[in-house]
Structure formats: structure tokens, C-alpha cells
Amino acid sequence: MLAMDYRGPKRVRATQKPMPEIKHPQDAIVRVTRSCICGSDLHLYNGNVPDTRVGMTFGHEFTGIVEEVGPDVTKIKVGDHVLVPFNVACGECHFCKQGMFGNCHESNTQASAVGGIFGYSHTAGGYNGGQAEYARVPYANVGPTVIPEGMDPDDAVLLTDVVPTGYQAAEMAGIQPGDTVVVFGAGPVGIMAARCCWLFGAGRVIIIDKEDYRLEFARNYANCEAYNFEKDMDDPVVFIKKATDFMGADCVIDAVGAEAAGNAMQTITGRKLLLQAGSTTALHWAINSVKKGGVVSIVGVYGPTDNLVPIGNVLNKGLTIRANQASVKRLLPRLIEHVQNGVINPKALITHRIPLEEVADGYRMFSAKLDSCIKPLIVFPSANI
Amino acid sequence: MENTLKDPQTLPGWGIDANSENDPTYPMREPRLNVSQDPDNKHRPASLQPVDIEVLKTIERPNVSAVFGESSPPVGLSGMIRRFAFKYSESHYGHWLPLLLADRVNVVEGIVEDLAHGKVPNIFAEKGYAVEWKHNRSAFVTKMATIAVLTVGTVLLFTSGNKKSYKPKRRGYYR
Ligand SMILES: [Zn+2]
Ligand SMILES: [Zn+2]
């Protein structure tokens, strides 16, 4: 089968690889019909996530048709078209039982901090992902969800990560009706988070990025204020203070993570020298621009350990910080309802369709922000759906 | 850029997921026992994936998780470095820095492996430069020119250095 193949920082290709196999009674094999490249794949692509091994297949956002199931799989059957949440979760452990599917204790042997994630380095369990013609899906009774009748697969594939992560970012921000929310990062998740803030009753939503095309997209899609931190302001923290009566925002969402631009010191120590796990510029801005007693919600991906974070300000300001990988399975019923009722329109985010054969160009285009790319979708000529 | 907006209350879904009791200072979870009181806290899935491949395991858990990926088992020099890294906990530099080093070594191993299979990696294509050429030509040309100048400069530096024999200025200082 054809699969995306990581060869080193900023080097990927499509390669013939062996077919995945059933390795556990709850496994399923799916024939992938849609697969996205995600902003968090770029941390892997750039070589910033430890234990990203050459030969691995990325891809944690995919849909597929069930081809084969293990003997203990009862909830899905061969032929079902399913969307596969990015978390690998057992559904039975201490954490899964609390709805923390992003923190499952029985899906990642290599690290205790994070649960298993498809195609996301060995630090997240070493699973091959869905940027391939076929994928192994463990715990098939838990994650994979049959795409509801009539739902566009383009909408379904965004329910595997972007929509739940954006939604959970807004949920964790603890928005009270009327609150002013600032979102750092106008990538797909930031844009979705800005859109979801309204569902929690926000009174004002401001999104900040450095690419005008993304800001324009966010303004139209999420009906929010959108500002360019390189053009519209000298200092984002002062800008937000001024915009909020010098109090700070009620809630701030960090939808950027370790690839943040905007601060030379952070770029050098975090992205070039790897002295810390990526740049934490966005998190600095978030902590410093939220009001005292406010909430900072983090969904941007940071590497493990060693970040230079202004934790003293967190204490002095009495902040609440909430952060997690989204628990897709917990949120799916509500979000499917929102998509079906037209409250959220996920597929509008997709700007590019790239055949798997051209995956290297897709990664370059997305990472270099070429051709006004918001969200690239990998298409499978063999899928016919 | 214009920032004139619609009244948010006219947006579909405005406020439908608002919950005035959603105070994030208190974790949102069902009432439960703490870890050691929970009789179910050691519950594991009924079947365990057979460990028929080398799996590196964090020392912060007692066992291998019930399923695992291990799509690319440790190999060669990078594998040796990774095995060393897994002697340290996740809160230790000794874990993460060797892993990052192993990743870089692994890249070279990947190229050697390609060559051993008679395949010369097409780095231009793997880096997706065609699309950069198409959409970002001027920046791309600048980047390539910079790389060329640096390469030529480095080569000249080293070759010119080879002509004269190197004489340490402070002879005897190191003796
Ligand atoms: Zn993603
Ligand atoms: Zn679990």
C-alpha cells in the first residue's frame, strides 16, 4: 500500500509499505477515504518532537471504510464508513472512565504524560497514522464512529480533531456570557476555537496571527475581530490591555503551540537550538494578556518538559490554566448535532486537496503557508468516495 | 483590514453551550474516588497485545500498555541511543536530549538504508521544493542562492586553509 513516509526534518515522501495487520482482538483495519495534514503534524515535520523515527507514517485525522475487524470488535463492522478520533483510547482505564480519552493509560508505552495518538511519534505511542491507503485502528469499539447518514465525509474528517480541539479550547476557557476572549493563532484550530467561543456565549472574540489571509478567513468564518501582530500593533500584550480598558481579556486561548513566531529569543532557543521544546511566545502572550483571575486555555502542542514559561506571572495573577489534548469521543455526540444543525460548518476550512502521491508538496505548502493554504486534505484516488 | 462584525447574538448557536456553573477553577468531572481508593484503578483491557517486537517503555509505568504502536522499532546507532534514553524518566534531560540526538542520527541511517537498497533519495522532491518554486519563487531563489553562497564560502575557507600549514600562534601554550 502507498503511505506517507517520514525521512527527516522537512523531508517526507509517499512510499510502498506493508499492509497493516490486526495485532490485538479489538483492532480494526480501515481503508482510508480522507486524511488531513494538521498544524501539529508540522511539529513532527520540522523535527521538534523527540522520538520521531524515520520510516513512520503521520496522520491523526482520517476517515475510512472498515476492511477487517478483530474477534472482540462488536461496535463497528466491515463496510462501515467511520471517522476515527485522533486519540487511541481503551475506554476502560481510570482516565477513559472520566471522559479523558486524550489521556488513556493503556495506549502509550513510551510516555506517561500523553495517551496514544495516531501517527504522532513514538512519544505518543509509535502508531502509524492515516496518511496511507490503510491504517490499523486499535480499540475499534471505542474511537471509530460511524459517519451519520447524510453527513459529508469532508465534515466528518474534521470531527476527528479540528472541531473537537477548537471546541474544547473554548470549553476549557470557561467562557461566561459576555466575556472577551482572545485567541492566539488563526490556523484551523484557532479559527474553529474562535467560532465555538460564540456557542459558549462570548461577547467579544479577538483573533491574532501574522498571516493576513488567515486573519481574513477567520474574520469571515468566525465573525471575530482579527489583527496582525506584525502590522497592527507593536506589542500584542499592550494591544490587548488597551483594547480591554487596561484590564486584560477574560479568557485567552493558545492555539499556536511550539512553532510560534514573533520573538527572536524564543525562535533561537526553542526552534533553532532546541534548548527548550519549541518556542513559547504564544503562551507568554497568553499569560501576560489575560486579566488577573482569568483563564488561559492551551490546545497548542508543546513538546515534553523544558519550556521557559513565565510561571511567576501565573501565580501572581491568580490564573487558571487549563490544557489538554481534546477528548474527541466525549465531545462527538454534541458536535455531530452542531454539524447536522448547521451551527458549525467544518468543511469550509478545507482549501486544498492533495493526492497522497504528492504528500511532500502538501507538507511544504502547508508549512510554508503558500497559496493561502488553511487546511489541506489528502485524497485517495482509490477511495472513490 | 476592516473589523466590522455582525451582532454575535444573531449567529447560529450563540450561547447554546453556555453554562454559568462552568467555573474552570473546579475540574469538570463526575464525582469519583481518588486513585488508590478506586477498586477499578488497575483495570486493564481483557487482552494484551503480544510483545513480539522490541518496545521501549517509560520507567514511569510498570508494564507495557495493553496495545502499542512500535511502528519503527529501535535500530542501529539511533536505537542504542534511544535504549539509553529510556533509562531516564520523562522529567529528566537524560531522556529527551538523547532522543532528539537519536532522531538526527536516524536521518543519516535512513539515507544509508535507501542507498543500500539502491535508492538515491530525491531530496528535492522530498522537501517539496517544486511547490515552493511554484508559489514562492523569489523567496525560494533567495534561499537557494544563500545556501549556494554559504556552501561555496565554506569550501573556499577549508581549501584555502589547507594550503598553508596551520601554525598555532601561542606555541607551547598547550604543552
Ligand atoms: Zn490534528
Ligand atoms: Zn484508557
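## Surroundings of Asn103(A)

Beyond the neighbours within four places in sequence, Asn103(A) contacts Phe95(A), Ala113(A), Gly115(A) and Asn324(A), a contact being heavy atoms within 4.5 Å. Asn103(A) is located in the loop that runs between strand S6 (87-88) and strand S7 (116-117) of chain A; helices (H or I, at least four residues) and strands (E, at least two) are DSSP runs numbered from the N terminus. Asn103(A) counts as buried because its relative accessibility is 17%; buried means under 20% relative accessible area, exposed over 50%, and partly exposed in between, with a 1.4 Å probe and protein chains only.

## Basis of the model

This is a predicted model, in which local features need pLDDT of at least 70 and side-chain atom pairs count only at pLDDT 80 or more, while totals for chains, interfaces and linings use all residues. Residues are numbered from 1 along each chain as its sequence is written, chains are lettered from A and ligands numbered from 1 in the order in which they are written, and side-chain values use heavy atoms, with hydrogens and water left out.

## Zinc ion (ligand 2)

The zinc ion (ligand 2) has the protein donors Cys90(A) (SG), Cys93(A) (SG), Cys96(A) (SG) and Cys104(A) (SG), at 2.3 to 2.4 Å. Donors are N, O and S atoms within 2.8 Å of the metal (3.2 Å for Na, K and Ca), and sites may look incomplete, since water is not among the atoms. Along the chain, the donors of this ion are spaced C-x2-C-x2-C-x7-C.

The site is tetrahedral, with angles of 101 to 117° among its 4 donor atoms. Four donors count as tetrahedral if all angles lie between 85 and 135 degrees; four count as square planar and six as octahedral if opposite donors are over 155 degrees apart and all others between 65 and 115; anything else is irregular. Among the donors, Cys90(A) is buried at 2% relative accessible area, and Cys93(A) is buried at 3% relative accessibility.

## Zinc ion (ligand 1)

Cys38(A) (SG), His60(A) (NE2), Glu61(A) (OE) and Asp161(A) (OD) are the protein donors of the zinc ion (ligand 1), 1.9 to 2.2 Å from it. The arrangement is irregular because the 4 donor atoms subtend angles of 97 to 136°. The donor residues follow the spacing C-x21-H-E-x99-D in sequence. Cys38(A) lies in the loop between strand S3 (28-36) and helix H1 (41-45) of chain A, and His60(A) in the loop between H1 and strand S4 (62-69) of chain A, so this pair ties together parts that are 22 residues apart in sequence. Cys38(A) is buried at 5% relative accessible area, and His60(A) is buried at 2%.
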